[in-house]
Structures are given as structure tokens and as C-alpha cells.
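Welcome, and thanks for sitting down with this protein. Please have a look at the sequence and the fold before we start talking.

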Amino acid sequence: RAGAAPAGPGRCCCCRWWRARMKLRSGVFASSCLLVQALGVALFLRGFFPVPVRSVPRREARTDPPAEPAPPGAGMVSNWTKIPPPLFKKVVIVLIDALRDDFVFGSKGKQFMPYTTQVVEKGTSYSFIAEAKPPTVTMPRIKALMTGSVPGFIDVVVNLNSPALLDDNLIWQAKTAGKRIIFYGDDTWVKLFPKHFVEYDGTTSFFVSDFTEVDDNVTRHLDRVLKREDWDLLILHYLGLDHIGHVSGPNSPLVGPKLREMDNVLKKIHISLLSKEKASLPNLLVVCGDHGMSETGSHGGSSEGEVHTPLLFISSAFEKRSAPLVQPEHVQQTDLASTLAIGLGLPISRNSVGNLILPVVGGKTMREQLRFVHLNGFQLSRLLQENTPAYEKDPGYEHFKIAEKSHGNWIKLYLEGNNSEILLNLGKKVLKQYLEALKTLSSSLSKQVAQYDMYSMMVGTVIIMEVLLLLLLSVPKALTKRAEFEVPLSPPLFSLLFYLMCLMLCAVHVIVCTSAESLCYFCSMSWLTAVGVMMLISALTCGILSATAKIFENSRLPPKNPTVSSSSWSEVDVLILAGTIGHVLSLGASSFIEEEHQTWYFLINTLCLVLCQELCRNNFLLKECDLQHSTNVKQNFDSIRETSECKNIDIPAESNSKLGKATSSSDLIKGSDKWISLATPWIILICCRLLRSLNQTGVQWAHRPDFGHWLT
């Protein structure tokens, strides 16, 4: 509904235009706010979930590998142009869900995993602590292990319904190369890699109270599979330890027997692999965890217990450890994909940001080691070129080119037959240069995944907060009988402000988008769209200021009815507004997010008490003037109705109902209804208290006994 102020005497058309206003029904106004709010949320989420680092689709990923760096001089060419042959005949990956590093390297490992501890300290193995990036949940971690990429928080959304993984990954490369893969364990793998396994048996991960059968269904296949020779890669994913953590925590008495069970499984696999080794190639056993667990048994965050997992490489190809293991070296979880690709003689996944774990290939010749790290560096530099416009200025890319040039000089000496100490020292120097370049390249690529688009997030936040403020200011109007909201089209005070804000925001947009380091989604939009968003923000600001001025203007006017309060805000309105703002502000701290239920307990209890006070006041504490005023209104209505009946005038039912609502409050709620309304807040309080005692949640007090434990 649109209308303009009537043109009175002495009022020109220009003034009528300046004071043009538009009245919207509350439903239309709320729908408009919802659409604008959706725009702000979408813009914020686009900045919060940055686009991950990606290369070409996997169907185009199998290209010819790069040759060794060309040695300087004419007539000298390296003849190594293919992928190096595999280093291991069979590889077994045992992934124990929620395996923390201290479960293997700490006191629990020595007590409950004696065989694994002996292999780590005195056997032919290499031990590391793999650092997982948040979010530490299963599906993103499997992606990181097999692709070498860093999944973002958007992967948490699809964790419950894992779609097929279409990125280039180790499983796809192995299947394409003709490797026969067998899998037993968490059915997330079956969903991520459909039709990749020649044999599989998936177990569901949602029955968290199942500590036994979920692992027995994996172990029951071992005796049969380990006797066979028709496989190249065996993957086992055990879930029992993760379920124990979710239910009882890392200090549960159930953790020890489960670790002992896993130790027996590893012992059986290791002995079987050693007994079947032939003179050609050794076998490899890899033990790892997808994530750890916090002190309360949960995971998903970034605490030390959640991100640190053990990573063990056990093979007869490694040298036997002479000295006891002091402190395992830290590596990234994404490094496993590159290392296993080299070990299996496969191309490194195109999207991998991981580095080769050099000790695993440390027993090979210097030329082979340099070839391995050159392949890894070439893959990382190519990924950087495809995702960074100014890749040539990246320090990692510069270091890689320097190492590649030194590698060419080493190859020249090698092809000339130089076997002196100079060749060995130069090889060690080139290897060190490559490792430094790999570390820098991996760091640059990983930062792109964790780098938020702050400009888009800020623009989205401004739109969201402006719409929220406008809604809060319009609540009293929307709750009136007419349910209309008056929107000023062009007040004289704010028209100039509107244009000034548009110019200022456009200037800020130009400065941000033309800066050398700013690469964001909002800047990639067309200028017409960006200017439209700036005009929207300016219009919302002017609307908020206009609504605020209107409220102050109305508050200065004397009330038309002295018996009715002039305040449009009741105590319940103030409480809801203060509670909403307080709750939003509390979400700025992680500790309040972890214990958000405590905020809701407080707000619900307070709201119930205020409603109880309001009901008592309306039922028992009516002022005499209010009662007298409502009685007079009713008498006037009765006299009007009698006169209308004598004159055969029909009074509409709507008018009848509106006048009828002016009766005394004591007549609205009578008898049992009054006592039911008074008892309702107290019944809600009792129910909330019982629900609060049913289950202790959160982080700080989750270990305390509750009614649910008693029932169990």
C-alpha cells in the first residue's frame, strides 16, 4: 500500500515528493528482510568457506611425468623420463579411528601395545607424529590421507552423507595402474571410492555403543586375506576406539583392552608380511589414525589431542634402529599421500600439498632420492601455477627453480662418471635445497585453503546486522492491530546521506579490490552488482536512522489515552531484545559456544519468571482506573448497539470484536483458565530442570553424573 501526505494549503508538490512514504504490511516487510538476509548470509558463507586449491579433473590427471632436469651443456640428456618403479610389493594400511599419539608413544602404548612399542623402539621402522588440520572428523581426514589436499570446514556438512570423491587421489591412481585393492572397515571409504575395491566389507560408524562387533567384522577377514597373493593394497579401518572415546572418554578402562586388541592385530599382520617376503621387493605396513580425541572423547576441533596422531612405517627395507626413540618427528598428515604414491610407483595426486617423507626412501641411491623429491617439487609448483597468478614471485617456486638448476649440474657430473666425494656432497646440498623448496611450496598452498575472504565476510556481516536492527526496530509496529510498517522513501535529512554513503562505500570497494594482495569473491563480481550491493547497504542504513528518529519523535508526543501507558515496549519485549543481543555477543567466544546450553537455560528460566510476573499483574493487580475505563467503554458500546438496533443499522462483526476486546482483563481469563495460565510457566520451569539433569553436555561439566547415567 503506497500513499503520499495530503497537499494542504501552502504545501508545494516538491514538499509532497520529499515526504513520500510507503506503508508495507508486516508480511511483505518480513519477506523482503528475509531475502536481503539470505543475500548477506550467502556472501558471508562464500567468504568463510574459501574455494580449495584444485588442479585439473582426475580424468586429465594422468599425464607424462617430467624428465630429470636437463644438465647444462650441449649433447647431454638424461634418459630417466618415466615414473620410478615401486619400492614395495604389498602395502597394508591400518587406520585406527581416533588413535592419539600418546596411545602409542606414551605410557598407554608401553602398557597395552608392547609389540608395537618394541617395533617402534628397536625394530625396522620409522615413527612420526602426523598433524591433522581441523576439522578433525573422519571423512575430511580420509580425503586428506588419500588426496594429500587440505579439506575445509564445508566438508563437515557432507560428512554424514559422503559422496563419491572425484578429485585425483591415491586409490584412483592405484586402480588405474592395475593395483588390486581390498578394504574392510568404515563404510565411508566405500562411499568415497565406489567400484575401486576388488573386495570390501563396510561397517557403519553410527552405532557408537558398539565397541566389539564393529572391529570383529574387520578382523574376521584377516586370516583368509593374509594367506592370499591376489592383492597389492589392503586397507583396514577400525572404529571401536573412536566409539569408546565418544561414550567414555580417553581415560576409560575400556581403552586399554582395545589398544591390546589393536596390538595383536598389528602383530599378526607384521609377522605375516615378513613371512611372505621374497628377494625382489619388501612389504610395507603403515599404521595411522585419522584424528585423535579430546580429553572428553570428542573430536572435530583443534586441540592437541585431536590433531596429533601417530604415523608408523614398518618394513624390512628400513635399517634396524640402534638407539631408542626419543621424540618422533612431526610431519603433516597430507604427506602420507605423496609418500605412498612414491612407494607404490604411482604419480603423486595433482591436488596434493604434501611433502615426501624422506626417511622412507632414505635407503635408495642419491639419484633415486633426487628423482623422488624432484617429482614432488614439480607437482607442487604446477599446482601453485594453476592457483596463484603471481606464482613466479613465490619463495617456494624460486627455491624449486634454484634446486632444479643445481640438480642439473649434479646430473652432469653423474653422467660424466664422477664418483668422487664432490658428487656426494653436491647431492646432499641439492637434496637439502629441494626439501626447503617443498616445505615452502606446501606452506604457500596450505595457506590458500585456510585464508578466509575477509572482505566478503565483512560485507555480508554488515547486511545481516542492518537487517536484524531494522527488524528489531519494527517489532512494535508489526505487533500492532494494523500490522503495518511505514518506510520513508526519501526524507530530506537522509537523501544527502544516502548518496554520500554510496560514494564512500564505492571508494572503499575500489581501494580494496585494486590492492595487490586482495583476491576475493566480492571483487570478482561485476561493477553493476557491486554498486547495487553498496546502494542496498546505504538504503538500509538510512532506513534504520529514519526508524530510530521516528521512535524518538513519537516518544516525545503526549499519550492520547492517560489510562494506557505511552511506552510501546513491555518488560517482556526488553527482555527478549536484551537476551537476543546478549546471546549473539556470547557467540564471539569459543568457551561460550561450547557451553551455549547454559545461556539457553538462563534465558528460558528468566523468560518464564517474567511471564509469570506479567500474568500475576494482569490477573490480580489491575488498577481501578483501568477497570473504570474498560467499564465505560463497554457501557458506551452497549448504548450504541441498542440505538443501532432501533434504527436497523448493522454493526460489522469486526467492530463488535474490536470493542469487545476493550473489556476488563479480569473478564478475559476466568475460572480454571486463569489458574492454568498462571501454572504454565512453573510447569515449563520444572520440565526444563528435569531435561537439564537428564544429560550433562558441553565440555567443562560433561564428566559429572546425570540422570542418564543413572538410567544406564
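What follows is a friendly exchange of questions and answers about this model.

Author: This is a predicted model, in which local features need pLDDT of at least 70, side-chain atom pairs count only at pLDDT 80 or more, and totals for chains, interfaces and linings use all residues. Residues are numbered from 1 along each chain as its sequence is written, and side-chain values use heavy atoms, with hydrogens and water left out.

Reader: How many helices and strands does the protein have?
Author: Helices (H or I, at least four residues) and strands (E, at least two) are DSSP runs, numbered from the N terminus. Counted that way, the secondary structure comes to 30 helices and eleven strands.

Reader: What share of the residues is buried?
Author: Buried means under 20% relative accessible area, exposed over 50%, and partly exposed in between, with a 1.4 Å probe and protein chains only. Of the 712 residues of the protein, the buried share is 41%.

Reader: In what order do the strands of the open sheet stand?
Author: Two strands pair if DSSP finds at least two bridges between them. Eight strands make up the open sheet, and their pairing is mixed. The order is β6-β5-β7-β3-β8-β9-β4-β10.

Reader: Which strands stand at the edges of that sheet?
Author: An edge strand here has a single partner strand, so one side of it is left without a neighbour in the sheet. The strands in that position are β6 (199-203) and β10 (329-332).

Reader: Which residue of β8 stands opposite Ile93?
Author: Strand β3 (residues 91-96) and strand β8 (residues 284-288) run parallel and are joined by five bridges. Opposite Ile93 in β8 stands Val286.

Reader: What angle does the direction of helix α13 make with that of β8?
Author: Helix α13 (residues 255-275) packs on the sheet, touching β3, β7 (233-238), β8 and β9 (308-314); a contact means heavy atoms within 4.5 Å. Axes are lines fitted to C-alpha atoms, for helices over the stretch in contact, and angles run from 0 to 180 degrees between N-to-C directions. The angle with β8 is about 165°.

Reader: Why is β7 described as largely enclosed, and how many of its residues are buried?
Author: Leu233, Ile235 and His237 point one way from β7, while Leu234, Leu236 and Tyr238 point the other way, and all are buried. The strand is largely enclosed by the rest of the structure because the buried count is six of six.

Reader: Which residue is the bridge partner of Gly185 in β7?
Author: On one pairing of β7, six bridges join it to β3 in the parallel sense, with Val91 opposite Leu233. Strand β5 (residues 181-186) also pairs with β7 in the parallel sense, over five bridges. There, the partner of Gly185 is His237.

Reader: Which residues stand opposite Ile129 in β9 and β10?
Author: Ile129 belongs to a pairing of β4 with β9 that is antiparallel and has seven bridges, and β4 pairs with β10 in the parallel sense over four bridges. Strand β4 (residues 125-131) is mostly covered, with five of its seven residues buried. Opposite Ile129 stand Pro310 in β9 and, in β10, His330.

Reader: What is omega at the cis peptide bond between Pro134 and Pro135?
Author: Pro135 sits in the loop between β4 and α6 (138-147). The bond joining Pro134 to Pro135 is cis, and omega is about 5°.

Reader: Is Lys195 buried or exposed?
Author: Lys195 lies in the loop between α9 (188-192) and β6. Its phi is near 65°, a positive value in a residue other than glycine. At 79% relative accessibility, Lys195 counts as exposed.

Reader: And Ala98, buried or exposed?
Author: Ala98 is found in the loop between β3 and α3 (102-105), and its phi is near 65°, a positive value in a residue other than glycine. With a relative accessible area of 0%, Ala98 is buried.

Reader: How far apart in space are Leu380 and Gly396?
Author: Leu380 is in helix α16 (residues 366-387) and counts as buried at 0% relative accessibility. Leu380 and Gly396 are 16 residues apart in sequence, and their C-alpha to C-alpha distance is 9.4 Å.
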